[in-house]
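The following questions and answers concern the protein and its ligand as displayed below.

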Amino acid sequence: MAKVVLITGISSGFGKAISELLSTKEYIVYGFNRKQREDLKGIIKVLQADVTDPGSVQDGITKLVNREGRIDILINNAGMGITGSIEDCSHEDIHLQMNTNFMGYVNMIQAVLPTMRKQVSATIVNISSIGGLMGLPYQGFYAASKFAVEGLSESLRMELIPFHIKVIVIQPGDFLTSFTANRKPVQIEGTDSVYEAQFQKTLSLIEKDEHGGLKPEYLARKLAKILEKKNPGHNYIIATLEQKFAVVLKRILPGSLFSSILSSHYGIK
Ligand SMILES: NC(=O)c1ccc[n+]([C@@H]2O[C@H](COP(=O)([O-])OP(=O)(O)OC[C@H]3O[C@@H](n4cnc5c(N)ncnc54)[C@H](OP(=O)(O)O)[C@@H]3O)[C@@H](O)[C@H]2O)c1
């Protein structure tokens, strides 16, 4: 029987690539998108929902469950990044970051669980980031949102053992998606922040890494294979060798040494 999969944030990047690939396989693919996008319709069944709005998430889930009666896989993907120094980020920007990347995932998980718990099995996939494994300069709140996803996923995995619901975390490195264009800078040129010069230098290095990043279709293919596994692992880093190596270094090097390597990568002396 075809599995029912629900993916959030399907207008671009990973969400688009994953939903398009899975719809060519044995899945009934539903996508949540906050804007009406006629062009996304086709074999993907698009429902309008803003992940930061629990009411709109619940409405979308109710529609889906009324139609299909079950949700086999949730892929929590919708997200964005703010960038700027921790001192300069406004509470409004921080709230936007945490509300989208963390509460958005929470809203989805809480809405699907009553249905998933009644099934024989189900899977929740949380798209985290390498930024959920190491703090990144001028992306402090983005990293915090993904560290929060990591902690949430570890706890959730244990709580869902009795219900046979698996929790898989994907930690992508740099990918070429609309993430860079959709990023919200909290500091713009011409402001008098003491961080401005360093911020602009680091931001251009962050964007250079992303522009040279892997294609989202690569992650979609990897994830499709992971979903076919009978006993998938808990975490998958999907990244270049260099970025995977950085995660290993973070685990084995003294913190001060790793921090100086990472800050020099981002042009911070
Ligand atoms: N690209 C990378 O290098 C990278 C690396 C590691 C992790 N990630 C993570 O991968 C995920 C997908 O990012 P991406 O790279 O594919 O970026 P993207 O191309 O900008 O796609 C983000 C998607 O999220 C949707 N979205 C944002 N806020 C939303 C909300 N409140 N409600 C519903 N949908 C919302 C966007 O929809 P709209 O069209 O409505 O804006 C868009 O479809 C994110 O969680 C991101 O943190 C990305």
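Q: Which backbone nitrogen does the side chain of Ser-193 reach?
A: The model is predicted, with local features needing pLDDT of at least 70, side-chain atom pairs counting only at pLDDT 80 or more, and totals for chains, interfaces and linings using all residues. Residues are numbered from 1 along each chain as its sequence is written, and side-chain values use heavy atoms, without hydrogens and water. At 3.0 Å, the side chain of Ser-193 reaches the backbone nitrogen of Tyr-195.

Q: Which side chain forms a polar contact of 2.5 Å with that of Ser-193?
A: Ser-193 is located in the loop between strand E8 (184–185) and helix H6 (196–211); helices (H or I, at least four residues) and strands (E, at least two) are DSSP runs numbered from the N terminus. A polar contact is a pair of N or O atoms within 3.5 Å; within protein, one must be able to donate a hydrogen and the other to accept it, and residues adjacent in sequence count only if both atoms are side-chain atoms. The partner of Ser-193 at 2.5 Å is the side chain of Asp-88.

Q: Is Ser-193 buried or exposed?
A: Buried means under 20% relative accessible area, exposed over 50%, and partly exposed in between (1.4 Å probe, protein chains only). The relative accessible area of Ser-193 is 17%. Ser-193 is therefore buried.

Q: Which residue has a polar side-chain atom 2.7 Å from an oxygen atom of the ligand?
A: Backbone polar atoms also approach ligand oxygen atoms, that of Ser-178 at 3.2 Å and that of Phe-179 at 3.3 Å. The side-chain atom at 2.7 Å belongs to Tyr-142.

Q: How much of the accessible area of the ligand does the protein cover?
A: Accessible areas come from the Shrake-Rupley method with a 1.4 Å probe; for residues, only the protein chains shown count as cover. On its own, the ligand has 890 Å² of accessible area. The share covered by the protein is 96%.

Q: Which element gives the most residues to the largest nonpolar core?
A: A nonpolar core is a set of buried Ala, Val, Leu, Ile, Met, Phe, Trp, Tyr and Cys residues joined through side-chain atoms within 4.5 Å. The largest one has 28 residues, of which Ile-18, Leu-22, Ile-75, Val-125 and Ile-170 touch the most other members. Elements supplying at least two residues include strand E1 (3–8), strand E7 (165–172) and helix H7 (216–228). With six residues, the element that gives the most is H7.
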